[in-house]
Amino acid sequence: CYELLEAMGMASMSCGSESLRLCVFDLRRGQNEGQELDKILFFYPPDLTFSTQLSVIGLSEGLITFTRLFSPEAACEVIEAERHSHVFFEAEPDIWMVMIVEKNKEIEAIWRVDALRRMLKEVHSLFVMFHGSIRALLEKEPAGGLIRSHLHPFITDYLNDLSVGKKLQLPSFRETLKERGTVQMLTLARDAALEVQSLVGVLDSCAGTVRCHSLILFHDLLVSTTLSPDDTVDLFTFSVMRLTTNAVSSGTSSWSYLRKGSSLSQISSRSNSGQLLGSSDPLPSGNGNDVGRVIRPLQQDKWSKGKDGFLVTDIWGKDATPRIYLQQTQERVYLLTYQHKSLTLVLLVPSAAIVNGELDISFVKHQVIENASAKILKVEEKLSKGWGGENAYHVSGYRYLLVDNDMEVSRASPPGKVATLAKESLLALSKLRETVDSEKSRTKQEREMEICIRAKNNAWAIARLTRGKELYMALEKASETLLDATDSVQSFSNRYCSGAFSMD
Amino acid sequence: MSPISESYSHVSIPFIVSSHGDRSSLKNTNHQFPEETSRGLFASNSKLLRFCLNLTLRSNPSLFLDSSPPSGFSQFIGESANIYFIHSNFAFSFSNAAGMKEKKSATASTLGRILATCSKQAKDYGSCVASKVHEVERDICLKEFLALKNCMQHTRHLSALLNMISSSQSSVGSGALSHVYIQNPPLRCNIPESRGLFYDDANRLLICTTSSQIFSWQTAPFNPDVSPSVDSISEGPILSIRFSLDKKAIAVQRSDCEIQLFHRETKQILSHKCKAGSESILGFFWSDSPLCDLAIVKTSGMDLFACDSMLNLRLVETKKVNVNWYIYTHETRLVLLASGLQCKTITGFQLSTAGVVRLPRFEMTMAKPESNSKPILSSGDVHLVTVYGRIYCLQVDREAMLLHSYRFYRDAVVQQGSLPIYSSKLSVSVVDNLLLVHQIDAKVVIIYDLFVDSRAPVSAPLPLLWRGNQGSGTSSEAAIKENESSESSTSNGNIVMYEDAWTFLVPDLILDQTNKVLWRVHLDLEASWLLLAISASSSDRTSLLEFLQRRKLEANKAKQLCLGIAKDIILERRPATQVTQAIDVLVTAYSYSVKAGTFKEIKNEQTTAATPAVGASPDNERHVPSESSIDEEVEMNLPSGSEVNMFCADEQPESQLSSPAISPDELYKFVFASVEELMVEESEYLVAIITEFLRSISAEKLKVDLNVYVMTIRLLAYSKRFAELSLFTTNKIIEPSKEVALQLLESGRQNLRVRKLGLDMLRQLSLHHDYISSLVQDGYYLEALRYAQKHKVTSVRSSLFLEAAFASNDLQHLAAILRVLSELIPGFKETSEYFTFYGLLSETGSSVAL
């Protein structure tokens, strides 16, 4: 099986410097001889021959079918071959996303599979948020042209964000103290929280009787949300990618995992003509079908701040307001973004409130400016005053990642501080996380768990899990005994997690 | 004619009549006035209607849905000017029914019906008034008015409404609506052969003199049944008379050059005379300043005398000023000496306990008339008043038809602005820090609140009313009867409002020289509130609350009104910003009153009531036992927060409350808790309001009742806003407590995340027992036991763990638990539980070692 895989298409992979393949396919399609191409909904890199694409997908399909025999509910998650890792993600029933990454000798190319799968999950969630589910688009146009014409620019734009120079930078072990698909929150003092909530109350009622949802960010941190955790994650991800002050004024450095690299490399990557899909590229039309204009929500550098404080973009057409789908309620809402200094307000106006199109939109905007301006100023002022800067959540002596799976919230040591960790510590931590991941996937029930491992450089890598909360940390003080290490975790837990991880 | 129709004819636009009646005299002097009046009137009308409409729509939304607004309705709003009073009466019935929801909605829908069915008549009347607004006279548009009235009377349910209106103003003497009234019975001085009536404002004594005797009645506290004390005095003319501040001596001005002092005990008489011819005595007053005891104002200035116990006067100081006239009030300790040709140059002294302060000399403002004549200011045109502890001087400028106000500071006199006046004769009273300007010719009162910068009146001008006995029954018929009987016996039928013989005394008394009676001016807070509410635009609810929060006299009533308004604006679903402002006002006022020490909790009141307060009337004391029982009831029933309780509280004697401030707890109990049930479907709105409430509380660094948090959780969980619920909890907007944690657990039945928040909170609060029990309940018995072991908690029933482990069919766990428990709980191995489970264990699987 491996041999087969290695024989198929990997040669062409090596011809480019591409070490990544990503495909989306539908198991319900192309089941008849000669129609196999129908399965393929997306393939990256796009310039591979159909036969190569088919062989990759055929293998994946085979593996899925095979493993389903034993585990119908959850088919295969990952296949580790000698030179490649195949990461599987069933995005929607029978719609699979498979990512194949090359294992090369480079030390940087050490991935944690779950981190890669979370990438697939993220791109799919974002896609659904903007276009609705893949299945729905397939049903709308069974020939598949519509979905292909949407998936292609969308995923390509998404991957664009990962490109550094000519390479795609996947989440490696260096990002082990980050958790994709979670939200990073700003910690608020009570009085600030009350001001924020008061602002939320005003935003709620900006469209009259129909209640609006809202998301408030400060820098790249979430301040408040009225959405369900899943919707919050999606919208937060998108906001940090495209809407926040740092995203709009591209070039500013960011510490968010959602934007890669330093400002320099980012600029160079953007000015680079080698972008995967330049914004000036003609839009692909799927299979010759006339599907009209395809919206590319993840296009870079398309947002700017308008005179009234609202962000504007022409992605949805001139003067058109973006609309997104909310997962939880399945409703379609208008997305308005207001920005004041580092404060970004994302307002979601239900379609029910917008009867007269842009006229009503501008009414809502007017309402926001009219009713909320004073509060926005006040909140911004309060938050800025209490803002501890990029390193606000640094705890000296610790390099940590704290995940709350219930709220889909995480907090971690700032990247700059994590970067000071030795490679060995990071690798140990990555390995530890991998272990925990597999342990978690084995038993679906929430359980308490504690793992401590000693890295080659005598650092401790520690994981603690309790009732939906996870704590990972690296302690590099070589002299520490295991007892010291657990004591450190204990005091961290007491001090910063209100004792959530304190166990004996 | 039924009493209520009588009231209708009475309420016909008294103030327009009066104000416009003076127009001829106003010609060329005050152009803005008629406009202003009519504008104010229009504004108040449309707002009143909006107010009523709100009520209507809220309680009966279908009313306008099926029939759509009646034709001409909008015009009606715009054009009607004088329907105002009719509607004031309706509004009155709302307030009367405020406690009873059903009644309220019935009233409101009745009004809706009237407006719908009588729209034509209303429109006719409105347009008639609108067209004649510049030539207002009594009974303006009478024909149209009667048509409207007739139509209304034929609308179903109306009779009930009318009854309510009439009962709301039980024992109204003249049957009209007003905010200021004088209360029957007055203090009567039925002294035969009385020669003169005087008022000693320092001692608050009403003094009646006969040829040889002096009768004096204490007027504070005002009690019509008080009997006079009698002193003998030698015969002679009495120009003025004042008791010394210790009441040991009486000073009488006999002529313009002689003052006699009588010692009440020793009967000693002492005469003080000034140089006849060169100067004359204008008057005198006693002082409590350390410098002097008696001040005599003469045309040449003011002499200050010290007076010993033997009544020997010793001249201490002389202030040389040419004086034409002077005014003095003991309340302000201020004497103003007028000089100059126009008498508008004022020299002022304050003779307070802190010493004698000379105020900078200042000139009163007098507009120049067209003719070359110079108007002369008289002492009757200048009034000294104290409101909110500030001293003002009010001066009538008849040319300009303005009442100028000056505020006195220690080292400055600052003109504050002017109020328009609509009568050439004018007087002022102060009740509860409100300035009542009696427009005597017009026979109306206008109320101003000098606290706010705006010089707009608090309410529209309305007549001064005469009211019968206080507390007469709710049945209007009985009240009327009572009135009739009292009228016949006391000949009150002769009372003519604002007759010439009326003297206005500081601060709130009226002396009727003809009938020899003394009235006290009262403010009907409820009525003023209504008129305010009517005239206030919706956003002005805030200023209305501010106004009410400044009331001291009827603090309890003000408090109830505030609670009512707060509740109403929430029920009316006013925009959150407006409600926020209102809440801010209440919270700030409370915070202020706590700092000032004027706020008393309801609980404390029982104790204060039990110990007879100084000056408490026997009546009050008699009420004490029943009072405390009411209080208890209130406390007991509070959680339900029903409106009935609110009105129980209303019955507390007003003397108990010194401040209308509303504590956060009361706000919760009487406002939030009471609307929760009604608004559960609009919990989002309510949560927004509560958030603002909490923000306001936090800004003032006050504490809030835990139940507010519990309620917030309930509301958020009800509307499934779990994301926000967790934000509220993690950001500690909802402060952690056991009650909150338990509510989170309860609400978390629908949502595991919320339940976990509750668990975390229990753990953080170290509520070990509850934490462990909840953990076991959720099936985390191992974690629970581990926690119990760590924290040495033995209070949780051991069988809980064992049963949970047994139910999970994990024998290893069961064995482990048995072992841990026997270590944790001393003597556990001897319990039957141990044997039961040990037996179970050995039966099923001997492989597990203990």
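A salt bridge here is a side-chain nitrogen of Lys or Arg within 4 Å of a carboxyl oxygen of Asp or Glu. A:K469 and B:D760 fit that description, with their side chains meeting at 2.8 Å, N to O. Keep in mind that this is a predicted model. What follows is a quick tour of the place where chain A meets chain B, then some side-chain pairs, backbone oddities and one annotated stretch.

**Where chain A meets chain B**

- On the chain A side 35 residues are in contact with chain B, and they touch 30 residues there.
- Putting the two chains together buries about 2900 Å², with carbon and sulfur atoms giving 50% of that area.
- Nine salt bridges run between chain A and chain B, and the pair A:K469 and B:D760 is a salt bridge between these chains.
- There are also 13 residue pairs in polar contact between the two chains, counting pairs with both residues at pLDDT 80 or more.
- Two elements of chain A, α7 (190–204) and β10 (221–225), give two or more residues to the side that touches chain B.
- Of these, α7(A) supplies the largest share of that side, with 10 residues.
- Sorted by class, the side of chain A that touches chain B has 13 charged, 11 polar and 11 nonpolar residues.

**Salt bridges across the structure**

- Side chains of opposite charge can pair when their charged atoms come close.
- Over all chains, the count comes to 51 salt bridges.
- One of them joins A:D94 to A:R68, with the closest N and O atoms 3.1 Å apart.
- That pair links distant parts of the chain: A:D94 sits in the loop between β4 (84–92) and β5 (95–102) of chain A, while A:R68 is in helix α3 (residues 50–70), 26 residues apart.

**Aromatic pairs**

- Searching the whole structure turns up 25 aromatic pairs over all chains.
- Take A:F130 and A:W316: their ring centres are 5.8 Å apart and the planes are at 45°, so this pair counts as tilted.
- A:F130 belongs to helix α4 (residues 113–131) of chain A and A:W316 to the loop between β12 (311–313) and β13 (323–325), so the pair ties together parts 186 residues apart in sequence.

**Backbone oddities**

- Most residues other than glycine have a negative phi, and most peptide bonds are trans.
- A:Y44 and A:P45 are joined by a cis peptide bond, with omega about 0°.
- A:P45 is in the loop between β2 (40–44) and α3 of chain A.
- B:E193 has a positive phi, near 60°, despite not being glycine.
- Look for B:E193 in the loop between β2 (187–188) and β3 (196–200) of chain B.

**An annotated stretch of chain B**

- An unreviewed UniProt entry annotates residues 197–308 of chain B as "domain: Regulator of MON1-CCZ1 complex N-terminal".
- Over residues 197–308 the chain is 53% strand and 0% helix, and the end C-alpha atoms are 28 Å apart.

Conventions:
Residues are numbered from 1 along each chain as its sequence is written. Chains are lettered from A and ligands numbered from 1 in the order in which they are written. This is a predicted model: local features need pLDDT of at least 70, side-chain atom pairs count only at pLDDT 80 or more; totals for chains, interfaces and linings use all residues. Side-chain values use heavy atoms; hydrogens and water are left out. UniProt positions are given in the numbering used here, feature names are shortened, and annotations may be inferred rather than shown by experiment. Helices (H or I, at least four residues) and strands (E, at least two) are DSSP runs, numbered from the N terminus. Contact means heavy atoms within 4.5 Å. Buried area is the accessible area (1.4 Å probe) that two parts lose on being put together, summed over both. A polar contact is a pair of N or O atoms within 3.5 Å; within protein, one must be able to donate a hydrogen and the other to accept it, and residues adjacent in sequence count only if both atoms are side-chain atoms. Ala, Val, Leu, Ile, Met, Phe, Trp, Tyr, Cys and Pro count as nonpolar, Asp, Glu, Lys and Arg as charged, and the others, Gly among them, as polar. Rings of Phe, Tyr and Trp (its six-membered ring) pair if their centres lie within 6.5 Å; planes under 30 degrees apart count as stacked, over 60 as edge-to-face and the rest as tilted.
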